[in-house]
Amino acid sequence: MITVRYMGILREITGKDFDEIHEDSIILEDLLRRISLKYGEDFIKGFIHACKKRSAIKVHVLVDGEIHEYPRCSNAVLKSGNEVVLIPIPPMVFGG
């Protein structure tokens with residue numbers, strides 16, 4: 001089982017703090033596709049589109065506490081027992 005924790009807007013979209021994915025091994029990109037199908041277009045907009053430079057939001061992915069920037073880590077192989085944390089990082093706003 002792989003635990004996926006949601007932070008920020010992704011927690012609001014899913015209505016959950018976490019999901020448990022019952023897989024022994026899965027590639028991160030496939031895991032994200034599965035989650036996107038489960039939560040629909042809002043999740044896709046909140047995560048996948050943001051990562052493809054369609055907004056200023058970046059998403060960091062923690063795998064067992066080690067931080068990675070998506071999509072560079074999309075081919076990471078996750079195994080049972082891993083904890084994945086999805087953290088959307090909003091753009092910096094500078095005022096004057």
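This report walks through a sheet, a core and two buried residues in a predicted model.

## The sheet

Strands of a sheet pair through backbone hydrogen bonds, either parallel or antiparallel. This model has an open sheet of five strands. Their order is β2-β1-β7-β4-β5, and the pairing is mixed. Two strands stand at the edges: β2, residues 18–21, and β5, residues 66–69. Each has a single partner strand, so one side of each is left without a neighbour in the sheet. From one strand to the next, the twist averages 25°.

Look at the β5 edge. Strand β4 covers residues 58–63. It runs antiparallel to β5, and four bridges join the two. Within this part of the sheet, L62 stands opposite I67 in β5.

## The nonpolar core

The largest nonpolar core holds 20 residues. Which of them touch the most other members? They are L28, V61 and L86. Several elements supply at least two residues each: β1 (2–6), α2, β4 and β7 (83–89). The largest share comes from α2, with five residues.

L28 has a long list of contacts. Leaving out residues up to four places away in sequence, L28 touches V61, Y70, C73, S74, A76, L78 and V84. V61 thus appears twice here: as a contact of L28, and beside L28 among the core residues that touch the most other members.

## C73, a buried loop residue

C73 lies in the loop between β5 and β6, the latter spanning residues 77–79. Is C73 buried or exposed? It is buried, because its relative accessible area is 7%, and the cut-off for buried is under 20%.

What does C73 touch? Its contacts are L28, V61 and H68, again not counting residues up to four places away in sequence. L62 offers another reference point. C73 and L62 are eleven residues apart along the chain, and their C-alpha atoms are separated by 10.0 Å.

## E29, a buried charge

Helix α2 spans residues 28–39, and E29 is found in it. E29 is buried yet has no salt bridge. How far away is the nearest side chain of opposite charge? That side chain is R33, 4.1 Å away. A salt bridge needs a distance within 4 Å, so this pair does not count as one.

Beyond residues up to four places away in sequence, E29 touches Y70 and S74. Both residues also appear among the contacts of L28.

Definitions and conventions: Residues are numbered from 1 along each chain as its sequence is written. This is a predicted model: local features need pLDDT of at least 70, side-chain atom pairs count only at pLDDT 80 or more; totals for chains, interfaces and linings use all residues. Side-chain values use heavy atoms; hydrogens and water are left out. Buried means under 20% relative accessible area, exposed over 50%, partly exposed in between (1.4 Å probe, protein chains only). Lys and Arg count as positive and Asp and Glu as negative; His and the chain ends are not counted. Contact means heavy atoms within 4.5 Å. Two strands pair if DSSP finds at least two bridges between them. Axes are lines fitted to C-alpha atoms, for helices over the stretch in contact, and angles run from 0 to 180 degrees between N-to-C directions. A nonpolar core is a set of buried Ala, Val, Leu, Ile, Met, Phe, Trp, Tyr and Cys residues joined through side-chain atoms within 4.5 Å.
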